[in-house]
Amino acid sequence: MRHMPSHLTPRYLRCEYRENPLGIDVTLPRLSWIVESSRRGDKQTAYQILVSSTPKKLDAEEGDLWDSGKVPSNETIQVVYAGKRLASRTRGWWKVRVWDKKAKVSAWSEPALWTMGLLADGDWQAEWIGYDEPLKAAADKRELARAKQGEKPPADDLVLPPPRYLRREFRLQRPIARATLYATALGLYEIHINGRRASEDYFTPGWTDYNKRVYYNTYDVTPLVRRGENAIGAVLADGWYAGHIGWGHKRDHYGSKTRLRAQLEVEYTDGTKETIATRRSWRASVGPLLEADFLMGESYDARREVPGWDTPGFDDSGWAGPNVTSGVSAQVQPYPGVTVQRFAEHKPVSVTEPRKGAYVLDLGTNLAGFARLKVKGRAGQKIVLRFAERLNPDGTIYTTNLRGARATDTYICRGGGKEEIWEPRFTFHGFQYVEVTGYPGKPGPDAITAIEITSATPPAGEFRCSNGMANRLYANIRQTQRANFIDIPTDCPQRDERMGWMGDAQIYIRTAACNSDVAAFFTKWLVDVEDAQNPDGSYPHVAPRKVAEGGGAAAWADAGIICPWAIYQVYGDKRVLERHYGAMQHFIEYCETNSKGLLRPAEGFGEWLSIQADTPQDVLATAYFAHSTALMARIAEVLGKRDDAAKYRGLFERIREAFNKAYVGADGRIRGETQAVYVMALAFDLLSPEKREIAARRLVADIESRGWHLSTGFVGTKDLMPVLTDAGRVDVAYRLFHNDTFPSWGFSIKQGATSIWERWDGWTPEKGFQDPGMNSFAHYAFGAVGQWMFETIGGIKTQGPAYESIVIRPRPGGKLNWAVVRHESIRGMIATDWKTKDGKLFLNVTIPANTTAKVYVPASSADGVLESGKPAAKAEGVRFLRVEDGAAVYEAASGSYRFEAPLPLDVSRK
Ligand code: BGC
C-alpha cells in the first residue's frame, strides 16, 4: 500500500469519476478527491477548490473559472462545480486544498484537468464520410457463391466487407500550441496522424443504440502534428454498427454503411485556429485488412499493405472520393464511459500438435483479446488462428460452444525473408487456446502472444488468503470480469452473443465494484439501459437492445432499478438516480399493470441454470417485483420525493402480503421449496420474523440434504452466501465456499478452470461438455460470490452510501487462517488483514481519513481485546460500544489499527 502522509493530504482528483477527462459535456461536473493521513481520526473540516483556464493561472492561484473559497465541509466526493458557465472547449485546470480537524490547511494537491467537448451542434464542421463500394462487392461475392451452390448455403455464407481507409493531407502554417481530435463513427474507427495512432483505445466510439445516440472521443494529439505537411488517416470497420452481433449470423443491425466523423482542431501559438474535418475532399480506399468482425475475426493480407498511406506525400490519386451522408439523426455526445484498452500480454505455457500441422498453444488463462503473431513466411503464405476456451479429449480445440462465431483470424505473409508481426484491431475472442495452422514449422515461444483487453476500469480490490483454491477463485472472478467488461457488461466474450444481458449485470454489479472502479463504466451503460427500455415501461433483456428483443423478464429487467441503486450505494451518486428516475417509475408501473393481484407472471428466464432444483418462475418474479419496489421507495427517499417513497413502501407491503398469501404456507414452506426461494424471501425481507427463522432452517436443511451442496442458479447464487451469513450460518457458507465436489465453485477449479463458468456442470468427468448450445466458460454470474468474499472474509462493507460509514466485520472461519482484503473506495483505501495464531486473532484495519467505522473484533468478551498492545477500549480513536454476537464492537475513527484478541471457541476449533 501507499505510504501515508503525516498530514491530511488531498490526492487522486477525479472529475465525473475520471482522471483528467477530455471533452466532457457535463456543464456542472462533479469533482472528487481522497484525503490521506497517517494520523488517527483525521478529518477534513473545509476545502477550497480552484479552477483556472490555464495552468499558469492555476499556479498563481488565480481561479478565474471558479474559486470556491474556503468551504466548511467534510465532503470529498461528488462536489458540484459552481463556477463560470463552461463553454465548448473550455479547459479547467484544478486543484484542491483541505483543512484538517485542527483547522490546519494542507498544501495544494497536484493539478488536474478536465476539458469541455463540443457542446453545440454548430461546433461540428465535420461530415459523416465513408466508402460504400467495397460493401457492394462483398455482398455480390456472397450472391455469386450462393448462386453457384444452388439451394445449399455456401460453407462461408458471410458478408464481411473490408474495412475502409480514409485519408487527407493538410498543411499547418504556423507554430502549433495545441491540437485536439474529436472523432466518432457509425462503426469502429482508428485514427492515424503522420503515421502514428492517435490513441491506444480499442473499439471506439463504443456500443450504443446508434439510432438514438453515438459517442465521440476527444484526444490531445499535439505531439502528433507538426508545422508543415501533415496527414490524417482513418480505418473504419463494421463493429457493432454494421458487423455481426449475437446469434443468427445477422449483420447490419443499425445500418450497413459505416461512417466516420472527425475533426482535428489546431490552435497556433498566435491564437489563430485551423480545423481539419472529414469532408468530401478526403480520399477513400481499401487496404490490407480484408475482413474485420467481432464474431467472425479479422483477415489481413500483408502483400496489400499501402506504405505511407497515413503520412504526407502519399500519392492517393488512385483512391476514390468518399460517400457523404447528411442527416444522421442520432445525438452525438462525448463518451462518458471507460474505453477498452490493452491489459496484459500472455505467453504460451505449452505447444502441442494434436493434428498434423495444427499446433495448439495454451495461454494459461481464459481471457478476452486476440493474438499477436510473429512469423517469417513466404509471400502469400496463409496462417490461420482459431480460438477456443477448452480442449477436446484428443487435444484439439473445442469450438462447438462458439456456435455461430467463426472466431478465426487469418494472416497472409508479405514474404521477403523478414520477420512479420501482426495483430488484429477490430475483433476480439474469448480464449485460452490458439490453434495455429499454416505456420512454417513448429511455432516457437514467441510465435503467439495473447493480448488481453478490457474496459480500463481502475483496479479497486485485492483479495488474498491462506487457501489456494479461494485465491484461484478470486483470480478467476477478476479474469472473467475483465473478459466481459468490453465497453458494456457482456455475458460472455467467445460465442455469438456478447450482449449486455441485464440479469447477469445486476447479479454481478456489486462484486464488480469491489474489484474495480466501475462508476463511469456503469454510468455509460445505464444510459444504454434507458435507451433500450420498451415503450410499455418494461426494461429489456439486453442493453443495447439488439437480437434478444423483448423485455420485462424478472431479475433481468429489474437491473434497471438494481444497478442505479448499486452505483448510488458504492459511489454516493444521486445524479444517476435522478437521471433514470422516470424510467424506473415507468418500469414499476409496468410490473404493476402486468401482474395479477400483485403476483408477477411466470415469465422470463427464472432461476437460470440452477442445478437439480425447480424454482417456480412466478415466485421468483414476484419476489423481484417486491425487491425492485422496495429499492424504488429508498431511491425516492434519497431524492427527497417523500410522497413517492410512501407510495412505493405501501406497494411493497402489498406485494409482500400477496407473496405470503400465495406462496408461503402456514408451516413456513415457500412454494417450490428450493434454496433459491428461501434465499430470495430472506434477502428481500419478504417474511415475518418467525417465518424468517423457518426459511433459514429450510435453506440449510436443503443444502445439507444435498451433501452440503448448493442448487442455485444465476439468481439464487447472488444472495445465497450473504443470506446464510446474516442468518447466523456463516459455517454453512464456508462449507459451500470450500467445497470442491459437484456442484461448487471448487469443482470447476479442480477441472482446471481459469475463469468462471456459465454452468456448474460446464464439464464433468462423467458427461464431458454440457450442451454446446450454451456452454460458456467465461460468464461472471456465479462469480457474484466475490462480494461475500470482500464483505465477510475481508469484512469490508459500506453502511449507507459510499463508505462514509464503514462496517469492518471479518468472519474468520472455514479453512482460513489468514486473509488480506483491500478495497479502494471512492473515499480512499479500506483494508483488513487478519490471521489466527496460537488461539489468538490478529486484525489490522485501515480506515480512510474522513470516514468512521464500526469494527467488530471476533471475541467472546471485550476484556482481552487489545489495540497496538493496549486495552482496545482505551486506544486512541477507539470507543467500545458493546459485545454482540461473538464480537466486541468498537467505533473507530479513521486511521490504522492493530487489534488482537483471544479467539472465540467456535472459531478456534475450526
Ligand atoms: C446468456 C445469459 C443470459 C441468458 C438469459 C444467455 O444466452 O448468455 O447470460 O442471461 O441467456 O436467459
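Q: What makes Ala753 and Trp757 contacts of serine 748?
A: Contact means heavy atoms within 4.5 Å. Once you set aside neighbours within four places in sequence, serine 748 touches Ala753 and Trp757 on that basis.

Q: Before we go on, what kind of model is this, and how are its residues numbered?
A: It's a predicted model, where local features need pLDDT of at least 70 and side-chain atom pairs count only at pLDDT 80 or more, while totals for chains, interfaces and linings use all residues. Residues are numbered from 1 along each chain as its sequence is written, and side-chain values use heavy atoms, with hydrogens and water left out.

Q: Why is serine 748 called buried?
A: Buried means under 20% relative accessible area (exposed is over 50%, partly exposed in between; 1.4 Å probe, protein chains only). Serine 748 comes out at 10%, so the label buried fits.

Q: Which helix holds serine 748, and what makes that stretch a helix?
A: Serine 748 sits in H15, residues 745–750. Helices are DSSP runs of H or I with at least four residues, strands are runs of E with at least two, and the numbering starts from the N terminus.

Q: How do you know that serine 748 has a polar partner at tryptophan 745?
A: A polar contact is a pair of N or O atoms within 3.5 Å; within protein, one must be able to donate a hydrogen and the other to accept it, and residues adjacent in sequence count only if both atoms are side-chain atoms. Here a polar atom in the side chain of serine 748 lies 2.9 Å from the backbone oxygen of tryptophan 745, so the pair falls within the cut-off.

Q: What makes a residue part of the ligand's surroundings, and which ones are there?
A: A residue is near a molecule or strand if one of its heavy atoms lies within 4 Å of it. Those surrounding the ligand include Asp491, Arg495, Trp556, Glu758 and His779.

Q: Which side chains reach an oxygen atom of the ligand, and at what distance?
A: For aspartate 491, an N or O atom of the side chain is 2.7 Å from a ligand oxygen. Tryptophan 556 has a side-chain N or O atom 2.9 Å from one, and a polar side-chain atom of histidine 779 also lies 2.9 Å from a ligand oxygen.

Q: How much of the ligand does the protein bury?
A: The protein buries 95% of the 310 Å² that the ligand exposes when taken alone. Such areas come from the Shrake-Rupley method with a 1.4 Å probe; for residues, only the protein chains shown count as cover.

Q: How does the ligand's shell divide by residue type?
A: There are six nonpolar, one polar and five charged residues. Nonpolar covers Ala, Val, Leu, Ile, Met, Phe, Trp, Tyr, Cys and Pro; charged covers Asp, Glu, Lys and Arg; the others, Gly among them, are polar.

Q: Why are strands E41 and E42 called a pair?
A: Two strands pair if DSSP finds at least two bridges between them. E41 (828–837) and E42 (840–847) have seven, in the antiparallel sense, so they qualify. In one of the bridges, alanine 831 partners threonine 846 in E42.

Q: What makes E33 and E45 edge strands?
A: In the open, antiparallel seven-stranded sheet, the order is E33-E40-E41-E42-E48-E44-E45. E33 (461–465) and E45 (870–871) each pair on one side only.

Q: Why is strand E15 called mostly covered?
A: Nine of the ten residues in E15 (228–237) are buried. E15 is joined antiparallel to E10 (164–172) by nine bridges and to E12 (188–193) by six.
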